[in-house]
Amino acid sequence: MRIKDQKKILLGGWGGVACQTPKTNWVSTDYFNIEDYNRIIGNIAELREIAIQAYPTFSIASMGDEKTYSDYIYADEINTIESNLTTICNNTYPFAIGEQKTYYPNQPATDYAEFNRIESACLTIYQNLQGQLSGKRRLSFILGGGTLLL
């Protein structure tokens, strides 16, 4: 993985939640490795945490622990990623993130175009949620009196 793809961005104003910058420039010669998988599942989990600050609480399917180089990535784990992206959209705003795909064991695997779609979807959702939360209006006083907390 390229160094620039491993940069971290800090989501200011939301408790310092850290997401990793999605890689949105996949090409056919790129390899999908453990760091890529861990980045994607981490970002999706963080997107859910950000989303419930603006929308009613909802849950996503467990994506398990981060992988190590001794682990394999299975079709059902990629399907969970796909499902969780759809769940976030269904519970927030219907962002245009492309069509959810389903993968099966011992069948053709996810390709670079699908990784571009998944990671671009994460970026789109993040940018839109960030805009919604930063544009959220707040009263500069408390209704009914009391102390103003800034």
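This tour moves through a predicted model, from the whole chain to its helix pairs, its core and one loop.

**The whole chain**

Begin with the entire protein in view and colour it by secondary structure, which shows 3 helices and 2 strands. Followed from the N terminus on, the elements run β-β-α-α-α. If you then colour by accessibility, buried residues make up 37% of the 150 residues in the protein. Among contacts between residues at least 6 apart in sequence, 60% join residues at least 24 apart.

**Helices α1 and α3**

Two packed helices are described by the angle between their axes and the distance between the axes, so those are the values to look for at each of the next stops. Select residues 34–51, which form helix α1, together with residues 112–134, which form helix α3; their axes come within 10 Å and cross at roughly 25°. Because angles under 35 degrees count as roughly parallel, this angle makes α1 roughly parallel to α3. The crossing in which α1 passes α3 is left-handed.

Now show the side chains of the contact. On the α1 side, select Arg-39, Ile-40, Ile-44, Leu-47, Ile-50 and Ala-51, and on the α3 side select Ile-118, Glu-119, Cys-122, Ile-125, Tyr-126, Leu-129 and Leu-133. Sorted by class, this contact of α1 with α3 has 11 nonpolar, no polar and 2 charged residues.

**Helices α1 and α2**

Keep α1 selected and add α2, which covers residues 75–91. Here too the axes of α1 and α2 come within 10 Å, and they cross at roughly 25°, which makes α1 roughly parallel to α2. The crossing of these two helices, α1 and α2, is left-handed.

From α1, the contact is made by Tyr-37, Ile-40, Ile-41, Ile-44, Leu-47 and Arg-48, while α2 brings Glu-77, Ile-81, Asn-84, Leu-85 and Ile-88. When the residues of the contact of α1 with α2 are divided by class, there are 8 nonpolar, 1 polar and 2 charged.

**Helices α2 and α3**

Next, hide α1 and look at the remaining pair, in which α2 and α3 pack at an angle of about 30° with their axes 11 Å apart. That angle makes α2 roughly parallel to α3, and the crossing of α2 and α3 is left-handed.

To see what meets here, select Ile-81, Glu-82, Leu-85, Ile-88 and Cys-89 of α2, and then Glu-114, Arg-117, Ile-118, Ala-121, Cys-122 and Ile-125 of α3. The contact of α2 with α3 divides into 8 nonpolar, no polar and 3 charged residues.

**The nonpolar core**

In soluble globular proteins, nonpolar side chains tend to be buried together. Bring all the helices back and turn to the largest nonpolar core, which has 25 residues; of these, Ile-44, Leu-47, Ile-81, Leu-85, Ile-88, Ile-97 and Ile-125 touch the most other members. Helices α1, α2 and α3 each supply at least two residues of this core.

For a closer look, centre the view on Leu-85. Leaving aside residues up to four places away in sequence, Leu-85 touches Ile-44, Ile-97, Ile-118, Ala-121, Cys-122 and Ile-125.

**The loop between α2 and α3**

The last stops are in the loop between α2 and α3, where you can select Tyr-103 to start. Tyr-103 counts as buried because its relative accessibility is 12%, and buried means under 20%. Although Tyr-103 and Ile-78 are 25 residues apart in sequence, they are 7.3 Å apart in space, C-alpha to C-alpha. Not counting residues up to four places away in sequence, Tyr-103 touches Ala-75, Ile-78, Asn-79, Glu-82, Pro-108, Ala-109, Thr-110 and Glu-114.

Move along to Asn-106, which also lies in the loop between α2 and α3. Asn-106 is exposed, with a relative accessible area of 80%, and its phi is near 60°, a positive value in a residue other than glycine.

Finish with Pro-108, found in the loop between α2 and α3. With a relative accessibility of 67%, Pro-108 counts as exposed. If you draw a distance from its C-alpha to that of Ala-75, the viewer should give 9.7 Å, for two residues that are 33 apart in sequence.

How values were computed: Residues are numbered from 1 along each chain as its sequence is written. This is a predicted model: local features need pLDDT of at least 70, side-chain atom pairs count only at pLDDT 80 or more; totals for chains, interfaces and linings use all residues. Side-chain values use heavy atoms; hydrogens and water are left out. Axes are lines fitted to C-alpha atoms, for helices over the stretch in contact, and angles run from 0 to 180 degrees between N-to-C directions. Helices (H or I, at least four residues) and strands (E, at least two) are DSSP runs, numbered from the N terminus. Angles under 35 degrees count as roughly parallel, over 145 as roughly antiparallel, 65 to 115 as roughly perpendicular and the rest as oblique. A crossing is left-handed if the near helix is turned anticlockwise from the far one by less than a right angle, and right-handed if clockwise. Contact means heavy atoms within 4.5 Å. Ala, Val, Leu, Ile, Met, Phe, Trp, Tyr, Cys and Pro count as nonpolar, Asp, Glu, Lys and Arg as charged, and the others, Gly among them, as polar. A nonpolar core is a set of buried Ala, Val, Leu, Ile, Met, Phe, Trp, Tyr and Cys residues joined through side-chain atoms within 4.5 Å. Buried means under 20% relative accessible area, exposed over 50%, partly exposed in between (1.4 Å probe, protein chains only).
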